[in-house]
Structure formats: structure tokens, C-alpha cells
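Reader: Could you take a close look with me at one part of this protein? I am in my first year, so please explain each term as you go.

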Amino acid sequence: MKRLLPFLLALSPSCLTWAQAPTNHERRYELRPDPNWPLEIELGSGDYRIVTSASDSIAVVYDEGSSGELRKVEVQIASGHGRNHLKIAGPKKNFYAVIEVPRKTDLRVRMATGELSVGDVEGNKDIEIRAGNLELNALRPQDYAQADFSVRIGDVYAPLFKTMRSGFPRSFKTVGPGKYHLHAHVGVGDLTLRTSKI
């Protein structure tokens, strides 16, 4: 069974918060953001994919499953006062969620630990993970005016920028003809930049 919760924003701010117990089915929470504002995302530990949506809405999809470890997931989605905001706090183990965003979205993401994969999202990107692996897909260097990438401890694999670096602090910057800015940082872990889509 799916539960679809659309929220259409008016002029006033809107906020959505849930904490759910497991019911052995997929959860889907959806909100239509203001396209003029960036999307700020706070993620707890887990595995996440950010993909493009077929609509102009933000959506969070995850399966609560039957494991006792998935006993509580908190999702907050809000829009107003010059920002779109999404926060997900799930269990520390075995949590996986897909975040759907409009194709043209400016992203600011801060994540604790785990795996994060970002798909074909067009716009400015400011993404940092304290520990884990970050994979940026469908990148086009020509889209960016400035781009910087860094890993404090770990590896950077960026064949599209002709870069492969490993070990302790690794970073590089590039400039290009585009209009967007890209910042990606991993504290401890690996950073991968790809041209292919997910």
C-alpha cells in the first residue's frame, strides 16, 4: 500500500513532520517547493539516493520493512521564509531512502555518515559528508563556472576531470564556462565523480 501526501504551497510557510512505526510497506511524503529557493537537506546516517522527479515536487520514499531496527523514521519537509528544507532522521543501521527533486534544483546537503548518490540534478551543489562515500553522477564539467572537491582522508576518483588522488588531504579546483557552482567534500571516505546517470 502506498500513502501519497501532496502539499501545495500558498504564500504562507508550510511544514510537514512525521515519526512512524513500521507497518511493512513503503512510505512516501511529498511537498511542492518554491522553485526560486534552494533545497537544504539534512541527513542522518544511512544510504540515500537523490534523483530527479517526474514532477515539480520533492518526495521522500522509503520502506519501513519488518525489522525492529526500522522502528522509527522522522521526516520533516518545509518551505517558507526564503528556503526549502528537508530533514531525515532514521535508524543508524540498514536505512535506505530515495529523495526525488525537480531536475532544476539548487542543493545544499549535509550528511552524517553513510552512502550518498546524486543523480542528474541541474543547479548549484554544496554537498558535505562527515564520513562515508559520496558519488556524483551525470556531471557535465561545462555546466560549472567553479568546482572544488576535497577528501580529508580517502580517495577522489574523477575521470571526467582527469583526476585520481588518494591518501590524506586531497583536493582540487576547476573553472569552466558554465553558470553553476559545485562544492563536494568528504571527511573520511571516498568521493567519486561520474558522467553516467544512475
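Author: **Salt bridges and a loop**

Let us begin with one pair of charged side chains. Asp-56 and Arg-32 make a salt bridge whose closest N and O atoms are 3.2 Å apart. (A salt bridge is a side-chain nitrogen of Lys or Arg within 4 Å of a carboxyl oxygen of Asp or Glu.) Keep in mind that this is a predicted model, in which local features need pLDDT of at least 70 and side-chain atom pairs pLDDT 80 or more, while totals for chains, interfaces and linings use all residues. Residues are numbered from 1 along each chain as its sequence is written, and side-chain values use heavy atoms, without hydrogens and water.

Where do the two partners, Asp-56 and Arg-32, sit in the chain? Asp-56 belongs to the loop between strand 4 (46-52) and strand 5 (58-63), and Arg-32 to the loop between strand 2 (26-31) and strand 3 (39-43), so their salt bridge ties together parts that are 24 residues apart in sequence. (Strands are DSSP runs of E, at least two residues long, numbered from the N terminus.) Asp-56 is classed as partly exposed because its relative accessible area is 40%. Arg-32 is partly exposed too, because its relative accessible area is 36%. (Buried means under 20% relative accessible area with a 1.4 Å probe and protein chains only, exposed means over 50%, and partly exposed is in between.)

The structure holds 9 salt bridges, so now let us follow one that leads to another loop. Arg-140 is bonded in this way to Asp-120, with 3.4 Å between the closest N and O atoms. This pair links distant parts of the chain, 20 residues apart: Arg-140 is in the loop between strand 10 and strand 11, and Asp-120 is in the loop between strand 9 (107-118) and strand 10. Is each partner buried or exposed, or in between? Arg-140 is partly exposed, since its relative accessible area is 26%. Asp-120, at 11% relative accessibility, counts as buried. The pair also has company: Arg-103, Asp-120, Glu-122, Arg-140 and Asp-143 are linked in a network of salt bridges. If you have the 3D view open, try selecting these five residues together: Arg-103, Asp-120, Glu-122, Arg-140 and Asp-143.

Stay with the loop that holds Arg-140, and meet two of its other residues. Asn-137 lies in this loop, which runs between strand 10 (125-136) and strand 11 (144-158). With a relative accessible area of 2%, Asn-137 is buried. Ala-138 is found in the loop between strand 10 and strand 11 as well. Ala-138 counts as buried, because its relative accessibility is 6%. What is the backbone angle phi at Ala-138? Its phi is positive, about 55°, although Ala-138 is not a glycine.

You can set Ala-138 beside a residue from elsewhere in the chain. His-81 has a positive phi of about 55° and is not a glycine either. His-81 is in the loop between strand 6 (73-80) and strand 7 (83-89). His-81 is exposed, because its relative accessible area is 74%, whereas Ala-138 is buried at 6%.

Now for some empty space. The structure has 1 cavity of 30 Å³ or more, and the largest cavity contains about 70 Å³ of space. Of the 13 residues lining the largest cavity, Val-121, Lys-125, Ala-138, Arg-140 and Tyr-144 are the closest to its centre. (On a 1 Å grid over the protein atoms alone, a cavity is a set of points where a 1.4 Å probe fits but cannot get out, and lining residues have an atom within 4 Å of a point; points are joined across faces, edges and corners, and the volume is the space filled by probe spheres set on them.) You have already met two of those names: Ala-138, with its positive phi, and Arg-140, the salt-bridge partner of Asp-120.

One last salt bridge takes us to strand 10 itself. Arg-194 pairs with Glu-135, the closest N and O atoms being 3.4 Å apart. Here too distant parts of the chain are linked: Arg-194 is in the segment after strand 14 (180-193) and Glu-135 is in strand 10, 59 residues apart. Arg-194 is partly exposed, because its relative accessible area is 32%. Glu-135 is likewise partly exposed, because its value is 24%.

Conventions. Helix = DSSP H or I, 4+ residues; strand = E, 2+ residues; numbered from the N terminus. 1 Å grid on protein atoms, 1.4 Å probe; cavity = no way out; pocket = protein on both sides within 12 Å on 5 of 7 lines; lining within 4 Å.
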